[in-house]
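Biologist: I'd like to go through this one slowly, asking how each label was earned. Could you show me the chain?

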Amino acid sequence: MMRKRMAYLALGMGLLFTTHLRAQFYLGIEAGGNKNYLITSNQAQSFTVYDPKGGFSLGVPVLYQFNEWFALQSGLSYTQKNYQINRTGSFQGIYQKNTNSYMELPVLAHFSFGDEQLKGFINLGGYAAYWMSDHLKGVESNVLNTVDSSSTSNTLSDNTGDYGYSYSEPYQFSTVKDKRLELGWIAGVGISYETTSGHRFFIEGRYTASVTDQQKNYEINQVPRYNTTWGISIGCFFRLTANDNIYHYVNY
């Protein structure tokens, strides 16, 4: 008899201190801009600097909200990770801009805090990306120019401008050199506002860092090259439907 009473008491206390929540599924759209840095060493390349360049991103994120403070976020996005190689000193005027396109798939833990409508949030997780294309645009020294060296200072900067060779062409990937699969981690912070109709508008700042080299291990004393990207995006999630069959319980 005592055991039954204790069991009923435990059950009643469990129901009293349990929050009953329904999982929610969201589908969204987002767009933004970024600045990418190619992290590498140029010690073996005199008069050469790698400068960051801007790009943009477009994505279709999905969000599975387990409770009011935790969700999982993923989705497919197109993003650019651009950079520019500039020559300095007597090579001034020679450059190459690399416009790189990636398809990216993140998997993020989404932590939110605030009231029912206005919330701050933090995203932490990893991603896999595929390097789809690279377009090269720049100016190179024209070694076949007919400038009279006796009337110039005879530096490579004199071979640019009217005498420089301009080019704009797609990069041809090498199966020996290029590693097109990129893996890395993501950290983001932002603010969201959800309307009563289930539209969740958000703005997020995000830091993305690759942990894989852009190159395969194809030569001795190879210098690695990593993408590091700072970005900001705005977007909106649309709440589709509640999962009426699966419930989640949070015990306090």
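Biologist: Why is L27 called partly exposed?

Modeller: Buried means under 20% relative accessible area, exposed means over 50%, and partly exposed is in between, using a 1.4 Å probe and protein chains only. L27 has 34% relative accessibility, so L27 counts as partly exposed. You'll find L27 in strand β1. One caution: this is a predicted model, where local features need pLDDT of at least 70 and side-chain atom pairs count only at pLDDT 80 or more, while totals for chains, interfaces and linings use all residues. Residues are numbered from 1 along each chain as its sequence is written, and side-chain values use heavy atoms, leaving out hydrogens and water.

Biologist: What makes something a strand here, and how many helices and strands does the chain have?

Modeller: Both are DSSP runs numbered from the N terminus: a helix is H or I with at least four residues, and a strand is E with at least two. By that rule the chain has 1 helix and 10 strands. Starting at the N terminus, the order is α-β-β-β-β-β-β-β-β-β-β.

Biologist: Back to L27. Which residues form a nonpolar patch with L27 on the surface?

Modeller: F25, I29, V60, F238 and L240 join L27 there, and together the patch has about 510 Å² of accessible area. Two elements, β1 (18-39) and β10 (226-251), each give two or more residues to the patch. The largest share, 3 residues, is from β1.

Biologist: What makes it a patch by the rule?

Modeller: Patch residues need over 30% relative accessible area and no salt bridge; nonpolar side chains (Val, Leu, Ile, Met, Phe, Trp, Tyr) are joined within 5 Å, and like charges within 9 Å. L27, at 34%, is over that 30% cut-off. The areas come from the Shrake-Rupley method with a 1.4 Å probe, and for residues only the protein chains shown count as cover.

Biologist: Now charges. How do you know that E104 forms a salt bridge with K81?

Modeller: A salt bridge is a side-chain nitrogen of Lys or Arg within 4 Å of a carboxyl oxygen of Asp or Glu. The closest N and O atoms of E104 and K81 are 3.2 Å apart, so the pair passes the 4 Å test. E104 is in strand β5 (residues 95-114) and K81 in the loop between β3 (70-80) and β4 (83-87), 23 residues apart.

Biologist: Are those two buried or exposed?

Modeller: Buried: E104 has a relative accessible area of 7%, and K81 has 2%. Under 20% is what the label needs, so each gets it.

Biologist: Which other pairs form salt bridges?

Modeller: E194 and R239 do, with their closest N and O atoms 3.2 Å apart. E194 lies in strand β8 (residues 181-194) and R239 in strand β10, so this pair ties together parts 45 residues apart in sequence. Their labels aren't alike: E194 is buried at 10%, whereas R239 is partly exposed at 35%. E204 and R206 also meet in a salt bridge, at 3.0 Å from N to O, and both of them are buried. Salt bridges with shared partners also join K81, E104 and E182 into one network. Searching the whole structure gives 5 salt bridges.

Biologist: What makes a space a cavity, and how many are there?

Modeller: On a 1 Å grid over the protein atoms alone, a cavity is a set of points where a 1.4 Å probe fits but cannot get out; lining residues have an atom within 4 Å of a point. Grid points are joined across faces, edges and corners, and the volume is the space filled by probe spheres set on the points. The count is 2 cavities of 30 Å³ or more. The largest holds about 350 Å³ of space. Its lining has 27 residues, with S57, S77, T79, E104 and R206 nearest the centre. Strand β3 gives the largest share of that lining, 6 residues.

Biologist: Last one: why is V189 called exposed?

Modeller: V189, in strand β8, has a relative accessible area of 52%, and exposed means over 50%, so the label fits. V189 still touches F121, I203, E204 and G205, not counting residues up to four places away in sequence, where contact means heavy atoms within 4.5 Å.

Definitions and conventions:
On a 1 Å grid over the protein atoms alone, a cavity is a set of points where a 1.4 Å probe fits but cannot get out, and a pocket is an open set with protein on both sides within 12 Å along at least five of seven lines; lining residues have an atom within 4 Å of a point.
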